[in-house]
Amino acid sequence: MLGVENLTVRYGAHTALEGATVRFEAGQFSAVIGPNGAGKSTLLKVLAGLLPDPQGCVRFDPGHTPRQCVSYVPQQQTLDWAFPVTVWDVAMMGRTGRLGWLRWAGRADRQKVASALEETGVYDLRHRHIGALSGGQRQRVLLARMLAREGHLLLLDEPLTGVDPATQEGLMALLRRQADRGRAVVMVTHDLDQARRWCDHLVLVNRRVIADGTPDEVYTPHNIEATFSVSHLGHTHAEA
Amino acid sequence: MEWLTDPLQFDFFVRALAAVVIVSVLCALVGAWVVLRGLSYIGDAMSHAVLPGLVGALLAGGNLILGALVAAVLTALGIGAVGQRSGLKQDSAIGIVFVGMFALGVVMLSRAPTFSTDLSTFLIGNPLGVTPADLWSALGVTALVALILGAFHKELLLASFDPTEARAIGLPVGRLTHLLLVVIGLVVVLTVQLVGTTLSVSLLVTSSAAARLLARSLKKMMLLAAGLGILGGVVGLYLSYSLDTAAGATIVLVNTAVFVLALLFRRRE
């Protein structure tokens, strides 16, 4: 569905990502995994079209115009949770791209937002101020916005951060369902265990793509060491 | 009840009441965005930055409002361009452009043969000096601003709450900011001339900030800001009449008191 070929991204003298080639397919739940500063979020931003003119290719398969099909969920801490919007308002933002300029939300849009909120389990909170919710509930609202957008390619930057383990399970199950419905789901995460349990495609990144394939193919001691500079038992080279 | 009805026998008082009501609604529409996007400094800055436009219009014998509008639009676009290209925060961009424009106005003024009293009236403003024509133009601008902000509401909301997602779906976030700045410029030019700089900034910032403390949604914030602005305006005008104090400053003090009350009774969720 979407891929990057020989992608290099530099911020001034710093190289965030070099020579990355990877493909994401419809119906696949992919996790991009790596340590801090590995270029994971950079890869996600390139896929979302947020970094202008990266070196290399970003290819969408025919029939998928990027702007129409991408839905991007940013890291929670990048948003102002004191902003005066309700849960319903945030979910309704997902319809902005679909509606287009100078058009108001109609009954069909409201129904889509309501079913997105129901699917993520926060419909009953729809009149609440977004700032009054817990971290897990906020993440569910952002996922409802993503569902209301009806994108084919769902990009999520660290969706599990600041979310308790029980809620994490629910979020992962929800994302798995989206992939099973034929959407391409790409998630950036630090959580290797959750990714192994729920995803069918792992991409290990540390400024370059270290490994790319099914969890069984990718999760090897050699790849983990090359990605995190630690053994799969959690010891660093220095400790070993 | 005489304290309530006595002032109403004066046409200037009734016009002042109408002016603060209209300007409160107008400032509430724009003030919400001003407060939410951290542009509170812009009201004061814009009221000074229109000086070169005013002086230019004066020297050319043209319309002062038109001159001020041109300067306001140039200032708004200048702030947007400096902010985006330099990567500086918006308050720095506002500071850089506004002092530059104000200094240009002062230099132009020093080349003007005489200082016009028209100019000082325009810069200072006075709610008690409002004419019927001023009220009609204020109504017209309010309708225009409501139309523009209503038309782009959902885009402005997404670009303000989550600019990254807004860019991801292809919204021109930079141009939306420019549009907002131009609308703010338009509102400041009108309100400064009508009610003065201090009251204009107070309605734009203080009432909207008080409303933000109490409201859970943007729509409620705008409605509440308009309501608080009208309340402050009416109470302030009556107080200034009975205490014989400056009308604009008295309204500002009432608005400030309302903000303090909102701070004390804010909703904590």
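A residue is called buried here if 20 or more other C-beta atoms lie within 10 Å of its own, exposed if 12 or fewer do, and partly exposed in between, with C-beta atoms placed from the backbone. Helices (H or I, at least four residues) and strands (E, at least two) are DSSP runs numbered from the N terminus. The model is predicted, and local features need pLDDT of at least 70, side-chain atom pairs count only at pLDDT 80 or more, and totals for chains, interfaces and linings use all residues. Residues are numbered from 1 along each chain as its sequence is written, while chains are lettered from A and ligands numbered from 1 in the order in which they are written.

**The sheet of chain A**

By the burial criterion, strand 3 of chain A is mostly covered, five of its five residues being buried. Phe29(A), Ala31(A) and Ile33(A) point one way from this strand and Ser30(A) and Val32(A) the other way, and all are buried. In a regular strand the side chains alternate between the two faces of the sheet. Strand 8 of chain A is likewise mostly covered, with five of its five residues buried; His201(A), Val203(A) and Val205(A) lie on one side of strand 8, Leu202(A) and Leu204(A) on the other.

Strand 3 and strand 8 of chain A belong to an open sheet of six strands, in the order 5-6-7-3-8-9, with mixed pairing; two strands pair if DSSP finds at least two bridges between them. At the edges, each pairing on one side only, are strand 5 (70-73) and strand 9 (209-213) of chain A. From one strand to the next the twist averages 15 degrees.

Four of the pairings are set out below, each with one pair of opposed residues.

| Strands of chain A | Sense | Bridges | Residue pair |
|---|---|---|---|
| 6 (153-157) and 7 (184-189) | parallel | five | Leu153(A) and Ala184(A) |
| 3 and 7 | parallel | five | Val32(A) and Val188(A) |
| 3 and 8 | parallel | four | Ile33(A) and Leu204(A) |
| 8 and 9 | antiparallel | four | Val205(A) and Val209(A) |

Val32(A) also has a bridge partner in strand 8 of chain A, namely Val203(A). The hairpin of strand 8 and strand 9 of chain A has three residues between the strands, and in this hairpin Arg207(A) takes a positive phi near 70 degrees.

**Helices on the sheet**

Two residues are in contact if their C-beta atoms, placed from the backbone, lie within 7 Å. Axes are lines fitted to C-alpha atoms, for helices over the stretch in contact, and angles run from 0 to 180 degrees between N-to-C directions. Helix 7 (residues 165-180) of chain A packs on the sheet, where it touches strand 3, strand 6 and strand 7 of chain A, and its direction makes about 150 degrees with that of strand 7 of chain A.

**Domains of chain A**

Chain A is divided into domain 1 (1-64 + 152-240) and domain 2 (77-151), with bounds that come from an automatic or database domain assignment. The C-alpha centres of the two domains lie 25 Å apart, and 10 residues of domain 1 are in contact with seven residues of domain 2. On the side of domain 1 that touches domain 2, the elements that give two or more residues are strand 6 and helix 7 of chain A, and helix 7 gives the most, with three residues.

Leu147(A) has its place in helix 6 (residues 135-149) of chain A, and this residue counts as buried because it has 24 C-beta neighbours inside 10 Å. Leaving aside neighbours within four places in sequence, Leu147(A) is in contact with Ala116(A), Glu119(A) and Thr120(A). The C-alpha atoms of Leu147(A) and Gly94(A) are separated by 7.5 Å, although the two are 53 residues apart along the chain.

**The nonpolar core and chain B**

A nonpolar core is a set of buried Ala, Val, Leu, Ile, Met, Phe, Trp, Tyr and Cys residues joined through C-beta atoms within 7 Å. The largest such core has 155 residues, and among the members that touch the most others are Ala91(A), Leu155(A), Val23(B) and Ile184(B). Helix 2 (residues 11-36) of chain B supplies the largest share of this core, 16 residues. Domain 1 and domain 2 of chain A both give residues to this core, so it lies between them. With neighbours within four places in sequence set aside, the contacts of Ala91(A) include Val113(A), Leu117(A) and Val141(A).

Between the chains, 21 residues of chain A are in contact with 21 residues of chain B. Strand 5 and helix 4 (96-99) of chain A are the elements that give two or more residues to the side of chain A that touches chain B.
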